[in-house]
Amino acid sequence: MGSLRLTLISFERMINTKLKEKLTTTDYIGAVDFGKTAKDYGRFRPSFPARFYEKLSSYNIGVRGQKVLDIGCGTGAITRQISIQGCEVIGLDPAKRMVVEAKSMDPQIEPKVSYVVGRAESICFLEEVFDVVTAGQCWHWFQHEYALKEVQRVLRPGGKLAIAHLDWLAIPGSVASVTETLIHKHNQSWSTKGTYGLYPRWLAQIREGGFVGIETFSFDIDFSFTHQQWIGRIRASAGVAASLSQDAIGRFCDDLSQLLKYEYPESVLLIPHRVWAVISNKPTRER
């Protein structure tokens, strides 16, 4: 495993100096700043389950020895797991505080992973470096046209792009549904209410971006939360701590705590989620 770390270091030295945009080392630019949620994000957001990685393996993704770039890596859930499977992995995220949190969560992992602050639309590596690019729970934040061009650039011919989501299901009357209503009450600019964890629109974008062999898979899974864990999970979302003031976050959490206490008094909440992923390939060169 000694050479694995050396390879990662060499990746970090292969910075492309001809970037279209200057990379920033500050936190996420814009109204939504996930850096503000880094601690809650790492602690309360559920990770993709083992079955997800088994499915990826069936597509030859996350296989020992592969060089993988995890864009929009957040606190590194996918980055860490694929590294444990024996891949050489770099996590890329625009929020510096997310990268710092990711590093703090995996100090004992061998082989070590590396993290870089940067954007999917302007990836700081040279051409045809990676076998796989992954994007978990983040694709909707990217400027897709530019991100796809960059993924095409850094993937080797025949390399794979895996985009995945893990979303709660806002079934009418469920905890997730009434929580979404409360988020919207406190933050009317929040626009992702009512998702059912399916993203067919990504398929056309990926095809237009020049990728081939597009396939999808999905399955449902329940996650258990205590009241405090669910509050932490929601606090780590785009509509709450990533975009509200500290006072507004406090008011929201108080309201959610009261709602759960009186409407869902059971000590453990079972929240249905859906895993959805699309796998595609960069074309191989014609001989």
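Which ring does the charged end of Lys55 sit over? That would be Phe217, with the charge 5.3 Å from the ring centre. Keep in mind that this is a predicted model, with a mean pLDDT of 86 over the chain. Phe217 is a good place to start, since Phe52, Phe217 and Trp230 touch the most other members of the largest nonpolar core, a set of 49 residues.

**How far to trust the coordinates**

- Of the chain's residues, 86% reach a pLDDT of 70 or more.
- Residues 1-9 stay under 50 in pLDDT, and the model gives them 15 contacts beyond four places in sequence.
- Residues 12-30 are also below 50, and this stretch has 44 contacts beyond near neighbours in sequence.
- Where pLDDT is low, the predicted coordinates shouldn't be read in detail.

**Aromatic pairs and charges over rings**

- There are ten aromatic pairs in the structure.
- One of them joins Phe52 and Phe217, with 6.3 Å between the centres and 45° between the planes, which is a tilted arrangement.
- That pair links distant parts of the chain: Phe52 belongs to helix 3 (residues 50-58) and Phe217 to strand 6 (residues 212-226), 165 residues apart.
- Both Phe52 and Phe217 are buried.
- Tyr199 and Trp276 make another tilted pair, because their ring centres are 5.7 Å apart and their planes meet at 55°.
- Tyr199 sits in the loop between helix 7 (175-186) and helix 8 (201-208), while Trp276 is in strand 7 (residues 268-281), so this pair ties together parts that are 77 residues apart in sequence.
- Tyr199 counts as buried because its relative accessibility is 8%, and Trp276 counts as buried at 5%.
- Phe48, Phe52, Tyr53, Tyr59 and Phe217 are linked into a cluster by ring pairs.
- Arg51 lies over the face of Phe219, 4.2 Å from the ring centre.

**The nonpolar cores**

- Helix 10 (residues 246-263) gives the most to the 49-residue core, with six residues.
- Setting aside neighbours within four places in sequence, Phe217 contacts Phe52, Lys55, Leu56, Tyr59, Val275, Trp276, Ala277 and Ile279.
- So Phe217 has both partners already met above among its contacts: Phe52 from its ring pair and Lys55 from the charge over its ring, as the contact list shows.
- Another core lies apart from the largest one; it has 29 residues, including Leu69, Phe130, Leu155 and Ile163.

**Val132 in strand 4**

- Val132 is placed in strand 4, and its relative accessible area is 0%, so it is buried.
- Its contacts, not counting residues up to four places away in sequence, are Ile61, Gln66, Lys67, Val68, Leu69, Leu155 and Lys160.
- Ile61 is 71 residues from Val132 along the chain, yet their C-alpha atoms are separated by 6.9 Å.

**His227 and its surroundings**

- His227 is in helix 9 (residues 227-235), and at 18% relative accessibility it counts as buried.
- The His227 side chain has a polar atom 2.8 Å from the backbone oxygen of Tyr264.
- The same residue's side chain also reaches the backbone oxygen of Glu266, at 3.0 Å.
- Beyond four places in sequence, His227 touches Leu260, Lys261, Tyr264, Pro265, Glu266, Ser267 and Leu269.

**Helices 4 and 6**

- Helix 6 (residues 144-154) is mostly covered, with eight of its eleven residues buried.
- Those buried residues are His144, Ala147, Leu148, Glu150, Val151, Gln152, Arg153 and Val154.
- Their cover includes strand 1 (67-71), strand 4 (130-136), strand 5 (155-168) and helix 8.
- In helix 4 (residues 77-84), the buried residues are Ile78, Thr79, Arg80, Ile82 and Ser83.
- The cover over helix 4's buried residues includes helix 3, strand 1, strand 2 (88-93), helix 5 (96-105), strand 3 (114-117) and strand 4.
- Gly86, just after helix 4, takes a positive phi of about 100°.

Technical notes. Residues are numbered from 1 along each chain as its sequence is written. This is a predicted model: local features need pLDDT of at least 70, side-chain atom pairs count only at pLDDT 80 or more; totals for chains, interfaces and linings use all residues. Side-chain values use heavy atoms; hydrogens and water are left out. Rings of Phe, Tyr and Trp (its six-membered ring) pair if their centres lie within 6.5 Å; planes under 30 degrees apart count as stacked, over 60 as edge-to-face and the rest as tilted. Helices (H or I, at least four residues) and strands (E, at least two) are DSSP runs, numbered from the N terminus. Buried means under 20% relative accessible area, exposed over 50%, partly exposed in between (1.4 Å probe, protein chains only). A charge sits over a ring if NZ of Lys or CZ of Arg is within 6 Å of the ring centre and within 35 degrees of the ring normal. A polar contact is a pair of N or O atoms within 3.5 Å; within protein, one must be able to donate a hydrogen and the other to accept it, and residues adjacent in sequence count only if both atoms are side-chain atoms. Contact means heavy atoms within 4.5 Å. pLDDT is the predictor's confidence in each residue, from 0 to 100. A nonpolar core is a set of buried Ala, Val, Leu, Ile, Met, Phe, Trp, Tyr and Cys residues joined through side-chain atoms within 4.5 Å.
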